[in-house]
Each structure stands twice: as structure tokens, then as C-alpha cells.
Amino acid sequence: QVQLVESGGGLVQAGGSLRLSCAASGSIFSINDMDWYRQPPGRQRELVAKITSDGSTNYSDSVKGRFTISRDNTKNTVYLQMNSLKPADTALYYCHATVLLLYGSQGLLNYWGQGTQVTVSS
């Protein structure tokens, strides 16, 4: 019903930058929150940044000041601009969204992207 397709991951050196993108498609009536999570090797998934439908943002303390989340509602796309990357940022990054379907009556539904790998070398 809804697909989240992520792109922009890769290998960068410490201090470098990457911009992740996540485009939602399908029978979408509206998208509420859009979030970025990450899962470092051997650790549980954690919230990195969140942006609400009205543009309010929240960040993990570990990325605050370095990462910026934004969204383009005309494209149903959320971005994560990552600057001053550190080796500790190495993780599989996941896009997440809560969605109202165009013809659904289930209320808000949760969808996840497939994940995109970010590796930061020192």
C-alpha cells in the first residue's frame, strides 16, 4: 500500500557529509510524522530525528547541531542532512512514517523503509 524508498547512504570519511532521502509512494491520503532511525552494529534501533506534519523537529542529543531533518510535502519525501560525520554515526539508517491511506479506515499506519547503510571511516 505504501512504500518508503531510501537513498543517499554510502562510505564517507570522518568530518564529511551525506544527505539521505526517503520518498513515500502509494495510496497516501496524508503523512503525519516522518522519522529517521538508525541501528549501529550490535545495538538496537534508535530514533535519530523526527519531523511532524507541521514542520516541528526533534533530534537525538548525539546528532543535534550536526544533522538536519526536513521534508517536502509535495514530493512526500523526508531528508536527513548529515554533517560533521563521526565513526559513531556508522549504522543502518531507516526511514519511518505514519500514514493515513487514501481509501483506508484503519487510522494511522506505520511504514518503514528498507534501510540504507552509512559508514564513516576515521
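This report describes the core, the salt bridges and several loop residues of a predicted model.

**The nonpolar core**

The largest nonpolar core in the model has 30 residues. Inside this core, Trp36, Leu80, Met82 and Tyr93 have the most contacts. Two or more residues each are given to the core by the strands β1 (2–7), β3 (18–26), β4 (28–39), β5 (46–51), β7 (67–72), β8 (77–82), β9 (91–101) and β11 (116–121). The largest share comes from β9, which supplies 6 residues.

Methionine 82 shows how one core residue meets other parts of the chain. Apart from neighbours within four places in sequence, methionine 82 is in contact with Gly16, Ser17, Leu18, Leu20, Arg66, Phe67, Tyr93 and Val118. One of these partners, Tyr93, is also among the core residues with the most contacts.

**Salt bridges**

Side chains of opposite charge can pair when their charged atoms come close. The structure holds 5 salt bridges, and the table gives three of them.

| Pair | Closest N to O separation |
|---|---|
| Lysine 50 and aspartate 35 | 2.8 Å |
| Arginine 38 and glutamate 46 | 2.9 Å |
| Aspartate 89 and arginine 38 | 3.0 Å |

The side chains of lysine 50 and aspartate 35 meet in a salt bridge. Lysine 50 belongs to strand β5 and aspartate 35 to strand β4, so this pair ties together parts that are 15 residues apart in sequence. Both lysine 50 and aspartate 35 are buried.

Arginine 38 takes part in a salt bridge with glutamate 46 and in another with aspartate 89. The pair of aspartate 89 and arginine 38 links distant parts of the chain, with aspartate 89 in the loop between β8 and β9, arginine 38 in strand β4, and their positions 51 residues apart. Aspartate 89 and arginine 38 are both buried. Through shared partners, salt bridges join Arg38, Glu46, Arg66 and Asp89 into one network.

How accessible are arginine 38 and glutamate 46? Arginine 38 has a relative accessibility of 4%, so it counts as buried. Glutamate 46 counts as partly exposed because its relative accessibility is 28%, and the cut-off for buried is under 20%.

**Two residues with positive phi**

Most residues other than glycine have a negative phi. Asparagine 76 has a positive phi of about 50° although it is not a glycine, and serine 84 likewise has a positive phi of about 50°. Asparagine 76 lies in the loop between β7 and β8, while serine 84 is in the loop between β8 and β9. Asparagine 76 is partly exposed, at a relative accessible area of 26%. Serine 84 is also partly exposed, at 42%.

**Residues around the strand ends and loops**

Threonine 77 is found in strand β8. Its relative accessibility is 7%, so threonine 77 counts as buried. The side chain of threonine 77 reaches the backbone oxygen of lysine 75 at 2.9 Å. Beyond four places in sequence, threonine 77 is in contact with Cys22, Ala23, Met34, Ser70, Arg71 and Asp72.

Arg71 is also touched by threonine 52, along with Asn32 and Asp33, when residues up to four places away in sequence are not counted. Threonine 52 sits in the loop between β5 and β6 (57–59) and is buried, with a relative accessible area of 17%. Its side chain makes a polar contact with the side chain of aspartate 54, at 2.3 Å.

Is leucine 85, in the loop between β8 and β9, buried or exposed? At 2% relative accessibility, leucine 85 counts as buried. Leaving aside neighbours within four places in sequence, its contacts include Val12, Ala14, Leu18, Arg66, Phe67 and Val120. The C-alpha atoms of leucine 85 and serine 122 are 9.8 Å apart, although 37 residues separate the two along the chain.

Glycine 115 lies in the loop between β10 and β11 and counts as buried, at 15% relative accessibility. Glycine 115 touches Glu6, Leu92, Tyr93 and Tyr94, not counting residues up to four places away in sequence. Glycine 115 and tyrosine 103 are 12 residues apart along the chain, and 27 Å separates their C-alpha atoms.

Tyrosine 103 is located in the loop between β9 and β10 (109–112). With a relative accessible area of 76%, tyrosine 103 is exposed. Together with Phe29 and Leu102, Tyr103 makes a nonpolar surface patch of about 410 Å².

Notes: Residues are numbered from 1 along each chain as its sequence is written. This is a predicted model: local features need pLDDT of at least 70, side-chain atom pairs count only at pLDDT 80 or more; totals for chains, interfaces and linings use all residues. Side-chain values use heavy atoms; hydrogens and water are left out. A nonpolar core is a set of buried Ala, Val, Leu, Ile, Met, Phe, Trp, Tyr and Cys residues joined through side-chain atoms within 4.5 Å. Buried means under 20% relative accessible area, exposed over 50%, partly exposed in between (1.4 Å probe, protein chains only). Helices (H or I, at least four residues) and strands (E, at least two) are DSSP runs, numbered from the N terminus. Contact means heavy atoms within 4.5 Å. Patches are made of residues with over 30% relative accessible area and no salt bridge: like charges are joined within 9 Å, nonpolar side chains (Val, Leu, Ile, Met, Phe, Trp, Tyr) within 5 Å. Accessible areas come from the Shrake-Rupley method with a 1.4 Å probe; for residues, only the protein chains shown count as cover. A salt bridge is a side-chain nitrogen of Lys or Arg within 4 Å of a carboxyl oxygen of Asp or Glu. A polar contact is a pair of N or O atoms within 3.5 Å; within protein, one must be able to donate a hydrogen and the other to accept it, and residues adjacent in sequence count only if both atoms are side-chain atoms.
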